[in-house]
Amino acid sequence: MKKTVSKVMIFVVMFSFFTGQNLFAMEISKDKTAVSGVGAKITATYQKPLSKDVTITPSTGGRTVRLQMYSSKTKKYRTIKVYKTKDTNSSTVKITFPKENRRRRTGKWRIVVDGNKHAEKTVKNITLTTINIVNKKIKSASACIWCVEDKAVVYAKNSRTRRKQASTTKIMTATILLEKGMLNDSTKITKSAANTPYGILSMKPGDVYTNKSLLYALMLASSNDAATAIAQGVSGSVPKFAKEMNAKAKQLGLKDTQFVTPHGLDTKGHYSSAYDMSLIMGNIYSTNGTFRNVINTRKYSFKSVKKKESRTVYTTDMLKDYSIKHKGGKTGYTSGAGSCFSGVYEHRGKTYVVTVLGAKSSNLRWDDMKKLYQYIDKYGNTKY
């Protein structure tokens with residue numbers, strides 16, 4: 001045995017002397033593999049595609065790259081996708097993390113680059129946190145969380161789907177009134193305004209109210225008669241006011257909104273989306289202090305201008321005592337729209353608008369709002 005080893009050693013030495021190559025080095029001199037373009041921790045939203053341009057160096061000879069996910073059941077990694085690099089010194093492949101495999105909040109993944117005769121095998125371990133995974137728990141037909149400062153969607157469920165929005169419509173009604181600067185003007189109540197279905201002020205034709213009083217009745221008690229009165233007082237008629245509402249929607253870049261009425265009762269051609277309603281709320285809340293004060297009010301008392309009849313309206317917002325971070329919002333309900341709400345939540349210096357549309361009951365609406373507020377508490381400061 002010793003003689004055999006000695007002969008091998010002599011051969012290696014002689015081969016190295018005549019060729020200038022080191023056989024020992026040839027056996028062990030595979031290049032180390034570098035994997036760049038992906039970090040050890042990734043945070044992503046569930047509904048958005050997730051791809052990373054990963055560079056493999058060296059990729060000489062062509063390298064096999066495997067995307068693998070850890071299974072807590074089998075305690076093993078399984079291959080999700082296989083990629084092949086180009087036969088170059090360095091090669092980039094686009095690795096996609098399939099949405100259907102990102103259903104857990106935190107998952108273990110790894111990128112395995114198989115070894116070849118040119119380079120060593122290497123493994124890149126990744127912790128993937130999925131932050132938009134609460135869809136199963138949200139019962140409303142549509143939902144959206146919009147961060148005003150980041151101008152970004154934080155959470156979405158069917159957020160661009162067009163549907164009836166009920167009295168959340170009145171956020172835009174308030175927007176037009178406030179941006180017109182007519183808050184201190186007074187409006188004479190017409191017969192059509194007084195007869196608007198589901199009016200709560202019991203107004204009579206000829207009554208006169210300040211627009212400020214009508215605004216509080218509109219946003220707190222969701223008064224439909226106040227909505228019609230505002231529209232007629234500002235623009236002269238409901239159709240003209242609807243044109244102004246749609247012009248504002250266009251200015252905000254909304255694609256899935258069309259207004260026909262100032263109150264939101266079920267009407268053909270009157271619709272919006274959770275995303276669009278969040279942008280409407282975010283716009284007026286961030287630019288108008290009066291609006292912020294109104295939606296944060298629990299009750300408001302006022303009198304008619306001529307007859308001095310007293311009225312008191314109370315908020316329909318049932319989240320007032322939920323958290324000091326909740327800054328108010330606007331409810332909505334019709335048989336066609338279901339229960340709706342668009343609310344404002346402030347967290348760590350940022351403003352989030354949360355909108356739910358199409359809940360089957362009022363209780364489910366509030367349950368969903370609380371879940372989405374809790375979602376902001378947990379993931380609101382995440383970078384997207």
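Just over the halfway mark sits the share of buried residues: they make up 51% of the 384 residues in the chain. Keep in mind that this is a predicted model. The accessible surface of the chain comes to about 19,200 Å², and carbon and sulfur atoms own 51% of that surface. As for the building blocks, you'll find 10 helices and 17 strands. If you look at contacts between residues at least 6 apart in sequence, 62% of them join residues at least 24 apart.

**Two helices side by side**

Let's pick out a pair of helices. Two packed helices are described by the angle between their axes and the distance between the axes. Helix 3 covers residues 170–180 and helix 6 covers residues 224–235. Their axes come within 11 Å and cross at roughly 35°, and the crossing is left-handed. Which residues do the meeting? From helix 3 come K170, T173, I176, L177 and K180, and from helix 6 come N224, A227, I230 and V234. Sorted by character, the residues of this contact divide into 5 nonpolar, 2 polar and 2 charged.

**Rings that pair up**

Now for the aromatics. A pair of aromatic rings is described by the distance of the centres and the angle of the planes. The chain has 10 aromatic pairs. One of them is Y345 with Y373: the ring centres are 4.1 Å apart and the planes sit at 15°, which is under 30 degrees, so the pair counts as stacked. This pair ties together distant parts of the chain, 28 residues apart. Y345 belongs to strand 16 (residues 338–347), while Y373 belongs to helix 10 (residues 362–379). Are these two tyrosines buried or exposed? Both Y345 and Y373 are buried. Elsewhere, ring pairs link Y209, Y216, Y300 and F302 into a cluster.

**Some loop residues worth a look**

Several loops hold residues you may want to click on. Here are three of them, with where they lie and how much of each is accessible.

| Residue | Loop between | Relative accessible area |
|---|---|---|
| S159 | strand 10 (152–157) and helix 3 | 9%, buried |
| S222 | helix 5 (211–220) and helix 6 | 13%, buried |
| R348 | strand 16 and strand 17 (350–359) | 62%, exposed |

Take S159 to begin with. Its relative accessible area of 9% is under 20%, so S159 counts as buried. What does S159 touch, leaving aside its neighbours within four places in sequence? The list is A143, C144, S273, A274 and Y275.

S222 lies in the loop that leads to helix 6, coming from helix 5. Phi of S222 is near 60°, a positive value in a residue other than glycine. With 13% relative accessible area, S222 is buried.

R348 also has a positive phi, about 50°, although R348 is not a glycine. The loop here runs between strand 16 and strand 17. At 62%, the relative accessible area of R348 is over 50%, so this arginine counts as exposed.

One more loop has something to show in its backbone. The peptide bond joining T57 and P58 is cis, with omega about -5°. P58 lies in the loop between strand 3 (51–57) and strand 4 (64–71).

How values were computed
Residues numbered from 1 in each chain as written. Predicted model: local features only at pLDDT ≥ 70, side-chain atom pairs only at ≥ 80, totals over all residues. Heavy atoms only, no water. Axes fitted to C-alpha atoms, helices over the stretch in contact; angles between N-to-C directions. Helix = DSSP H or I, 4+ residues; strand = E, 2+ residues; numbered from the N terminus. Left-handed = near helix turned anticlockwise from the far one by under 90°. Contact = heavy atoms within 4.5 Å. Nonpolar A, V, L, I, M, F, W, Y, C, P; charged D, E, K, R; others polar. Buried < 20%, exposed > 50% of the residue type's maximum accessible area, 1.4 Å probe, protein only. Areas by Shrake-Rupley, 256 points an atom, 1.4 Å probe, with all protein chains shown as cover. Phe/Tyr/Trp six-rings, centres within 6.5 Å; stacked < 30°, edge-to-face > 60°.
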